[in-house]
Number of protein chains: 2
Amino acid sequence: MMSKDQALIAVDAMGGDGGPRVVIAALALALSTDPDLRFRVYGDEALVRTQMDLFPELAPACTICPAPDVISGEEKPSLALRRARKSSMGMAISAVKTGEADAALSAGNTGALMAIAKLYLRMMRGIDRPALTTILPTLGKNGVVMLDLGANTECDMRNLVQFAVMGAVYAQSAMGIPCPRLSLLNIGTEEMKGTEDLRAAAALLRQTEQTAFQYTGFIESDRIGQGDADVIVTDGFSGNIALKTIEGTARFITNLLRRAFSSSLRSKLGFLLSKPAFRLFRVYLDPNNHNGAIFLGLNGIVVKSHGNANVSGIAQAVHLTAKLVRSNLVNCIADDLDMFFSQASNKELQA
Amino acid sequence: MMSKDQALIAVDAMGGDGGPRVVIAALALALSTDPDLRFRVYGDEALVRTQMDLFPELAPACTICPAPDVISGEEKPSLALRRARKSSMGMAISAVKTGEADAALSAGNTGALMAIAKLYLRMMRGIDRPALTTILPTLGKNGVVMLDLGANTECDMRNLVQFAVMGAVYAQSAMGIPCPRLSLLNIGTEEMKGTEDLRAAAALLRQTEQTAFQYTGFIESDRIGQGDADVIVTDGFSGNIALKTIEGTARFITNLLRRAFSSSLRSKLGFLLSKPAFRLFRVYLDPNNHNGAIFLGLNGIVVKSHGNANVSGIAQAVHLTAKLVRSNLVNCIADDLDMFFSQASNKELQA
């Protein structure tokens, strides 16, 4: 008998740099703080069992589902699709389709995950393409939902508007913000800035009534982390550039800091004294604390963990997945899409 | 009698947040370390004279050129063009056209500066559009030349290839790198990644012989600051997103650091002890130390300073301008373009 709060997650145990060792430990960690979690674990049976034996408390919450094949990190999506049926990744997604699980989670190959998820789960009614979506930290009270982060190299006005509706629901589900402030990423805030598709999407979002979000105009990329927006919509090329630039700049600066602090004995001492402050700082910047991206627009929840996430990072992604299941994300998106497309002027924006 | 090393710069004294107060002090600072500099200073005569009186050593190196009008920071480029002739910005650029100066420098409105520079100086033979270009700091020995940073929202294959040739010469002139390593910014390093224009540009750069640079493939934006590339070519939209994301992330992280270090008495003490290390760190990140962007592709050198640059920032831009004059940047670009377009397969890439 399932409790109301139970969330049943299909987990690809073979994905990510750490494989079953890290994934299984993460499930145990997640279960320790959320006992209503249930897992179907897909992977090499012997490997999975060996790891499971280290966490006996997992046994009652887990079903092991042997998967004979693994999609590697380098596999091209087109090839991965052919081998999906017998792979841990493909079988986990298939469990969402058949209703055996509420959501799927994998730390494996992003391109393959998207291709398989698209094939098995299909796009939601009204949506042309899925958007890779995540929550980035900000200086404000909440994070910021950003999409698309690289699923679509080129996006037209219709894609951007569809992303906006889905991103707003995601901010409600994942961050509990009732009426998120939504912006379009652009290279200036004036109306005439950017591509034609961006300007058309802005014009449309400005005039749309009865949305579950508040459209607040263009935002420039130096303000992504300032807390001015709850949702930032962009094409997958720019979104990926922005995301990776954030990662690279953070790495660049922490490297500089390390150099600066090891430049003299005095600053080494200062560093030792400031260590707790640095720890706070690192906790904030550590991508493991913001782990978990989702492909929005599919008939089902598929969460992608960073490939190099550690145990606590993958546990973080498990909690996010459970939150999305419990908030009934997919149905909420469907409802909001219906409401949005029901406005006469938006009918042609539907896929 | 001009010495061989003299560089005569037409300076828009009215541009930027600080106006003549900051600009004139910057000229004095620059002159103190490079006595071969000469300036034509364009602006409100009374304002300029008041500031000049504070630095008597400037008098023999400066010609004051009264300009009755000023282009404001908010002025639309189309309107700025109409008022260019009598403005400090327009007159400074005009001096480059007439040969009265070797280069122009302004901290004013970027859009207006580009529009006026394009109108007065015209594009170089073979080039379709100008590219806003700057040098970003890296963890490597040198910085990295990046273009376009926002002059062109959309760029086709031809634009990208033209930017590549110009960016390589810029790395030679501004950083003294004989054969720069050049990459195209993309959302993955595999050949099939990115837009059609990017892939076509990559194919062409790969097969081109006798270039003054070494094409090293696609680069992702998390590696911009790692020192892997000397030149990174991108369209103006992505380039602007990347540049502003770097600025925003740096601000975000220094803000976090400030919070962390003021979180306890112990960490405040640690901060005091580490202050010299922090100073080193700040010097590296301070945009004033990397100030100065140029519109490549024009028949003349026009350097843009950050609007909010301080005295040392504008002095930095003055030194950069002098370096480009002395390295004969425009002629070197023209020579390399000729060499590049002379290869049979590249003929159609010429404007």
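**Figure 1. Salt bridges across the A–B interface.** Start where the chains meet: four salt bridges turn up across the interface of chain A and chain B. Keep in mind that this is a predicted model. One of the pairs to look for is R251(A) with D222(B), whose side chains come together at 3.9 Å, N to O. R251(A) sits in helix α8 of chain A, while D222(B) lies in the loop between β8 (214–219) and β9 (231–233) of chain B, so this pair joins two chains. Side chains of opposite charge can pair when their charged atoms come close. Counting over all chains, the structure holds 24 salt bridges.

**Figure 2. Polar contacts and the helices that touch chain B.** Salt bridges aren't the whole story here. Across the interface of chain A and chain B there are 18 residue pairs in polar contact, with both residues at pLDDT 80 or more. Which helices of chain A supply at least two residues each to the side that touches chain B? Look for α8 (236–261), α9 (265–273) and α10 (275–285). The largest share of that side comes from α8(A), with 20 residues.

**Figure 3. The footprint of the contact.** Zoom out a little and the contact takes in 55 residues from chain A and 55 residues from chain B. About 4,900 Å² is buried between chain A and chain B, and carbon and sulfur atoms give 71% of that area. Which residues of chain A lose the most area to chain B? They are L139(A), I187(A) and F252(A), which together make up 14% of what that side buries.

**Figure 4. How one chain maps onto the other.** Two copies of a chain are related by a rotation about an axis and a shift along it. Here, chain A lands on chain B after a rotation of 180° with 0.0 Å of shift along the axis, and the RMSD is 0.0 Å. That's the relation of a two-fold axis. The same surface serves both copies, too: 100% of the contact residues of chain A recur in chain B. If you want a landmark for the axis, go for G270(A): of the residues of chain A, it comes closest, with its C-alpha at 2.1 Å.

**Figure 5. The sheet of chain A.** Now for the inside of one chain. In chain A, 11 strands make an open sheet with mixed pairing, and they run in the order β3-β2-β1-β4-β11-β10-β5-β6-β9-β7-β8. Which strands sit at the edges? They are β3 (62–66) and β8 (214–219) of chain A, each pairing on one side only. Neighbouring strands of this sheet are turned by 25° against each other on average, direction ignored.

**Figure 6. β1 next to β2, with helices packed on the sheet.** Strand β1 (residues 7–12) of chain A runs parallel to β2 (residues 37–43) of chain A, and six bridges join the two. To find your place in the pair, look for A7(A), which stands opposite L37(A) in β2(A). Helix α1 (residues 19–33) of chain A packs on the sheet and touches β1 and β2 of chain A, its direction making about 175° with that of β2(A). Helix α6 (residues 157–175) of chain A packs on the sheet as well, touching β5 (131–136), β6 (144–147), β7 (181–185), β9 (231–233) and β10 (293–296) of chain A. The direction of α6 makes about 150° with that of β6(A).

**Figure 7. The sheet of chain B, and β5 with β10.** Over in chain B, 11 strands form an open sheet, again with mixed pairing, in the order β3-β2-β1-β4-β11-β10-β5-β6-β9-β7-β8. β3 (62–66) and β8 of chain B are at the edges with a single partner strand each, so one side of each has no neighbour in the sheet. For a closer look, pick β5 (residues 131–136) and β10 (residues 293–296) of chain B, which pair in the antiparallel sense over three bridges. Within that pair, A131(B) has L296(B) in β10(B) as its bridge partner.

**Figure 8. Some backbone oddities.** Most residues other than glycine have a negative phi, and most peptide bonds are trans. Where do you find exceptions? The peptide bond from L147(A) to D148(A) is cis, with omega near -5°, and D148(A) is in the loop between β6 and α6 of chain A. Chain B has a cis peptide bond between L147(B) and D148(B), with omega about -5°. R122(A), a residue other than glycine, has a positive phi near 65° and lies in the loop between α5 (110–121) and β5 of chain A.

Terms used:
Residues numbered from 1 in each chain as written. Chains lettered and ligands numbered in written order. Predicted model: local features only at pLDDT ≥ 70, side-chain atom pairs only at ≥ 80, totals over all residues. Heavy atoms only, no water. Pairing = 2+ DSSP bridges. Helix = DSSP H or I, 4+ residues; strand = E, 2+ residues; numbered from the N terminus. Axes fitted to C-alpha atoms, helices over the stretch in contact; angles between N-to-C directions. Contact = heavy atoms within 4.5 Å. Least-squares fit on C-alpha atoms with pLDDT ≥ 70 in both. Buried area = accessible area lost by both parts, 1.4 Å probe. Polar contact = N/O pair within 3.5 Å; in protein donor to acceptor, adjacent residues only side chain to side chain.
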